[in-house]
Amino acid sequence: MRRHSLPARIMAAAATGAMALTVAACGGSDNASGSDAPKDGGTISVVASINQWASVAKDLGGSHVDVSSIMSNTNVEAHDYEPTTSDVAKISKAEVIVVNGADYDPWALKAAESAGATVVNAAEAGGVKEGDNPHVWFSAAVRRATADAITKAYQAADAKNRDEYATLNSTWQQGEQRLEDKIAAAAKTTKGLPYAATESVAWYLAGDLQMTDDTPKGYAQASANESEPTPADIKDFQNALGDGSIKLLVFNTQEADATTDQLVSAAKSGNVPIIELTEQMPKEYDNLLDWMGALVDKFDAAV
């Protein structure tokens with residue numbers, strides 16, 4: 001998995017997302033633009049590449065949308081996922097397609113190219129480029145911008161319900177604000193806290209919590225390059241967990257292996273709190289904001 005630095009433009013995306021539905025749906029043709037109703041005269045057919053964005057799409061569309069997701073299994077690696085024939089068929093019939101972007105789900109973008117649908121690219125909506133950290137659903141700014149882009153796509157596909165989509169967007173944004181208020185409250189204790197991560201999955205959330213990423217450089221570079229860390233890299237990480245310089249370990253259980261086993265063991269030996277999480281939204285959640293809120297509680301409680 002990639003761990004990359006991100007320019008300050010991600011913070012600017014928050015202001016962009018605050019504008020009333022000005023963020024464009026990105027990356028695809030808009031054959032539904034300007035229509036008075038969905039193609040079938042009923043609900044808008046929506047497909048999201050991953051379940052976390054599907055949950056947002058459902059919240060923003062209410063009874064006017066039929067939303068499904070391609071990936072919802074925490075045991076599957078999105079980068080390596082190969083869509084089935086039925087997955088491609090589902091995408092080809094959609095009117096609105098929500099992808100993560102930033103090279104996280106290239107298979108979804110490829111399938112969407114010939115779909116003739118409006119494509120909402122979450123990373124592009126939030127100003128994140130390929131090569132940046134792709135786990136953008138952990139970012140408050142990207143969540144807001146993506147929600148606005150989805151709402152704009154719905155309003156274009158179903159103009160007669162435009163006002164209702166705006167109301168649903170306002171309700172969702174209020175929920176996001178409550179989450180951000182929780183993040184701000186937690187940041188009073190997490191600000192400046194040095195943490196390390198087995199992968200950069202929660203990098204945006206940790207940034208919103210104003211924590212400091214002190215993952216040892218060699219290990220971080222190996223992870224960013226999707227290569228194996230050297231024994232020296234692993235040893236440096238273990239030493240940092242043992243000497244007290246790292247106060248929290250973030251562990252992506254979706255990517256557990258012999259190396260992460262060593263790091264988790266070192267954290268336990270050094271009495272370093274461990275935050276376990278996954279990339280895909282766990283099955284016990286059906287709402288992205290609820291999942292993020294639960295993770296914030298975990299970080300807050302671990303300090």
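Start by selecting strands β1 (residues 44–50) and β2 (residues 65–71), which run parallel and are joined by six bridges. Strands here are DSSP runs of E with at least two residues, helices are runs of H or I with at least four, and both are numbered from the N terminus. Two strands count as paired if DSSP finds at least two bridges between them. Within this pair, pick V47, whose bridge partner in β2 is S68. Then add helix α2 (residues 51–61): the chain passes from β1 through α2 to β2, in a right-handed β-α-β crossover. Right-handed means that, with the strands pointing away from the viewer, the path from the first strand over the helix to the second runs clockwise.

This is a predicted model, in which local features need pLDDT of at least 70 and side-chain atom pairs count only at pLDDT 80 or more, while totals for chains, interfaces and linings use all residues. Residues are numbered from 1 along each chain as its sequence is written, and side-chain values use heavy atoms, with hydrogens and water left out.

Next, select the four strands of the open sheet, in the order β6-β5-β7-β8, with parallel pairing. The edge strands, β6 (212–213) and β8, each pair on one side only.

Move to β5 (residues 194–197), which pairs with β6 in the parallel sense over two bridges. Here P194 stands opposite T212 of β6. Adding helix α8 (residues 203–208) completes a right-handed β-α-β unit with β5 and β6. For the pairing with β7 (residues 248–252), which is also parallel, look for three bridges to β5. A197 has V250 of β7 as its bridge partner.

Now show the side chains of β5. In a regular strand the side chains alternate between the two faces of the sheet. P194 and A196 point one way, Y195 and A197 the other, and all are buried (under 20% relative accessible area with a 1.4 Å probe, protein chains only; exposed is over 50%, partly exposed in between).

Finish at T278, in the loop between β8 (274–277) and α12 (288–302). Is T278 buried or exposed? T278 counts as buried because its relative accessibility is 11%. Its side chain reaches the backbone oxygen of Q280 at 2.8 Å. Leaving out residues up to four places away in sequence, T278 touches T74, F138, V201, N252, T253, Q254 and W291, where contact means heavy atoms within 4.5 Å.

Notes:
Polar contact = N/O pair within 3.5 Å; in protein donor to acceptor, adjacent residues only side chain to side chain.
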